[in-house]
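Trainee: I would like a close look at a single part of this model. Please keep it brisk.

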2 protein chains.
Amino acid sequence: MADLPTLPPAARPGDALTAIDTPALVLDLDAFERNLDAMQAAATAAGVALRPHAKAHKTPAIALAQVQRGAVGICCQKVSEALPFLQAGITDIHISNQTVGPAKATLLARMARHGRFSVCVDHAQQVADLAAATAAEGSTLRIFIEIDIGQGRCGVADAPAVLRLLEALAPHPQLHFAGLQAYQGGVQHVRGHAQRRDAAARAAERTAAVVAALAAAGVACPVVTGGGSGSVEFDLASGVYTELQPGSHVFMDGDYGRNEAGTALRFEHSLFIASTVMSVGGGGRCILDAGLKSLAVDSGLPAVWQDGAPSTTLAYTAANDEHGIVRLADGAAAGATLPPLGSQLLLVPGHCDPTLNLHDQLVVVRGGVVQALWPVAARGLSR
Amino acid sequence: MADLPTLPPAARPGDALTAIDTPALVLDLDAFERNLDAMQAAATAAGVALRPHAKAHKTPAIALAQVQRGAVGICCQKVSEALPFLQAGITDIHISNQTVGPAKATLLARMARHGRFSVCVDHAQQVADLAAATAAEGSTLRIFIEIDIGQGRCGVADAPAVLRLLEALAPHPQLHFAGLQAYQGGVQHVRGHAQRRDAAARAAERTAAVVAALAAAGVACPVVTGGGSGSVEFDLASGVYTELQPGSHVFMDGDYGRNEAGTALRFEHSLFIASTVMSVGGGGRCILDAGLKSLAVDSGLPAVWQDGAPSTTLAYTAANDEHGIVRLADGAAAGATLPPLGSQLLLVPGHCDPTLNLHDQLVVVRGGVVQALWPVAARGLSR
């Protein structure tokens, strides 16, 4: 049909935060920049390379800001996820995951003609797929052998298994052994600071033991890559990792916010979902326009913020597909009231990675004023 | 950069299901068509209008298939969600939700120049926003007053509140009172068939009481719209609803599958996530390439299917961002084994609506052969 309307942008540069059409994903640029600066400074001070994980943000503008500050490159979790970053000029990308089959190996081998790419393996069949694809495309790949240091997900168990995979790599000169990947996701969410320090130490010890066993067998590991936002202070000090992969420190979601922080390295909540009260029923509730399709709830419901800080009055108590139910929080002051129809509330999502994956853009705000819209260009790229 | 690779399609028509690049959202066209036919036949037999909910599928090709079978139009849950359906030629769209503020009212009023649009209200301010926007755009809207029949979400409480909103509508001739919306989401997921029948009956009674009170006040409700996939057999027989809004029957997700079905109206699982075993560790696990970014877990983890039926051997036990952990199911036969690296497994998601909202396309399959790729054009449109 002629003259059909189109969807206006959620905001324009210069708009007030409060004027954003909701639900919308909002980035507080000041907090975001402090988070990036703090992480890069800590890595630089420790002499450890920083390779932030782009699966958290999926946003080329953020990757460019990280590389500009000194990151050696980025991590992606899937082969297809790397494409928009390569298109944006990020040319050093590690796929921190296994890939199987010719379709993914071919895409990776094609990208590797345009940059410095690496990928993990934990099985000889993955090596065979990568060898065939790189031979066909005339490209080279850096190969990390992943070891399981306690997470119980991917990775081989021990040094002998690493040595067997090195034998599988040996006939393929276009596949360069780059070192080990050692990541323990479970450590990241241990709440107590001392308990998390101990869990990180056990993971680092397991990693160090494999590195030592390989050295005894005459195999050097140029790079040992791993670590995450929850364990980074311990990983930096461990002397085991030469490169760290934190992702969530950029945003600090609700789940990481529940970790007991140390004194050395702190990050701030920079990511919010702007939402609007779209119905005010009786019964002590109001209804927001942001539910399961605007925020991920796998790590808990979002926290409500008011006036730049966590609300002591309001609690988000249930998420439907497109609705959030807000009630007065337990312990709200006597006389506390619910916000009126049309009020904007900011929500801190429980888990940033899958929340970013719901949105096509970030509305970037500084001092309450919209600065830009950044495309979440790798959203949905899970192949 | 010149010559950068692009992302190949996940599948091409004629490909085998087993050749799809994963993770991918797969629609079994035979089961899907049986689901659509069964729902339309039941509505037609009952003399009740069918207005399927497009928030479940977000896919214009599916809405067109529903209208072709006799649906009077579709529901959308958000104003922006309606745009791709209007662009695809669906011109009778009900926004089964409240909307607040001028941005959304203006977009709706603009769309209403190209079709027959309706929307819900439960507050006079929403009426004022819609009146101003339709006056400015020169369009008309059908207005439904939503009543709360037990869900405790949006909607006014009773007939007097409806009458007050009718007074707010009266000065605006471009806003036509069309009737009531009465939806009880909680009923949909009551597991026992008799218990669900009773819960649906209570909701219908509350609806009928408001309709009767309005009639006594001289107000007719031309349309009473509500109902969902879990309660549809009772809603059709109730004599209360003139129009039903089921959405999930198209796919039958895992959550609806756990409802105890009646004998009258049954639906089949038609929606799957195709995933691939991308790592085979020790410890009795294998790792799939489909996690939180490929399927929604708010209503439980996905079920594993093998050979066209639920697997009695395999259980999906944990979802990470891009990984699914599969182990042998409790009660698996002695000697049962995990699938080898590279195997494709089909997963039935726990909740279809937010799962569709993660994917840009449906891979449509009949008899194990890819027929088409259908864009999930309304994905992410939550404003």
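In what order do the eight strands of the open sheet in chain A run, and is the pairing parallel or antiparallel?

Mentor: Bear in mind that this is a predicted model. The order in chain A is β2-β9-β8-β7-β6-β5-β4-β3. The pairing is parallel. The sheet is open, with β2 (49-50) and β3 (74-76) of chain A as its edge strands. Each of these edge strands pairs on one side only.

Now take one pair of strands. In chain A, β4 (residues 92-95) and β5 (residues 116-121) pair in the parallel sense. Four bridges join them. One residue pair pins down the register: A:His94 has A:Ser118 in β5(A) as its bridge partner.

Next comes the helix over this sheet. Helix α6 (residues 159-169) of chain A lies across three strands: β5, β6 (141-147) and β7 (175-182) of chain A. Against β6(A), the helix runs at about 160 degrees.

Chain B offers a sheet to set beside this one. There, too, eight strands form an open sheet, ordered β2-β9-β8-β7-β6-β5-β4-β3, with parallel pairing. Its edges are β2 (49-50) and β3 (74-76) of chain B. Look at β6 (residues 141-147) and β7 (residues 175-182) of chain B: seven bridges hold this parallel pair. B:Leu141 has B:Leu175 in β7(B) as its bridge partner. Helix α7 (residues 193-216) of chain B lies across β6, β7 and β8 (223-226) of chain B. Its angle to β7(B) is about 145 degrees.

Last, the contact between the chains. Chain A brings 74 residues and chain B brings 74 residues. Together they bury about 5900 Å², with 57% of that on carbon and sulfur atoms. On chain A's side, A:Arg153, A:Lys293 and A:Arg383 supply 13% of the area that chain A buries against chain B, more than any other three residues.

Charge pairing shows up as well. The rule finds twelve salt bridges across the interface. In one of them, B:Arg285 meets A:Asp148, with the closest N and O atoms 3.3 Å apart. Polar contacts between the chains come to 44 residue pairs, both residues at pLDDT 80 or more.

Which elements of chain A take part? α3 (83-87), α4 (102-111), α5 (124-137), β10 (271-279), β11 (285-288) and α10 (352-356) each supply at least two residues of the side that touches chain B. α4(A) gives the most, with five residues. By type, that side of chain A divides into 27 nonpolar, 25 polar and 22 charged residues.

Conventions
Residues numbered from 1 in each chain as written. Chains lettered and ligands numbered in written order. Predicted model: local features only at pLDDT ≥ 70, side-chain atom pairs only at ≥ 80, totals over all residues. Heavy atoms only, no water. Contact = heavy atoms within 4.5 Å. Buried area = accessible area lost by both parts, 1.4 Å probe. Salt bridge = Lys/Arg side-chain N within 4 Å of Asp/Glu carboxyl O. Polar contact = N/O pair within 3.5 Å; in protein donor to acceptor, adjacent residues only side chain to side chain. Nonpolar A, V, L, I, M, F, W, Y, C, P; charged D, E, K, R; others polar. Pairing = 2+ DSSP bridges. Axes fitted to C-alpha atoms, helices over the stretch in contact; angles between N-to-C directions.
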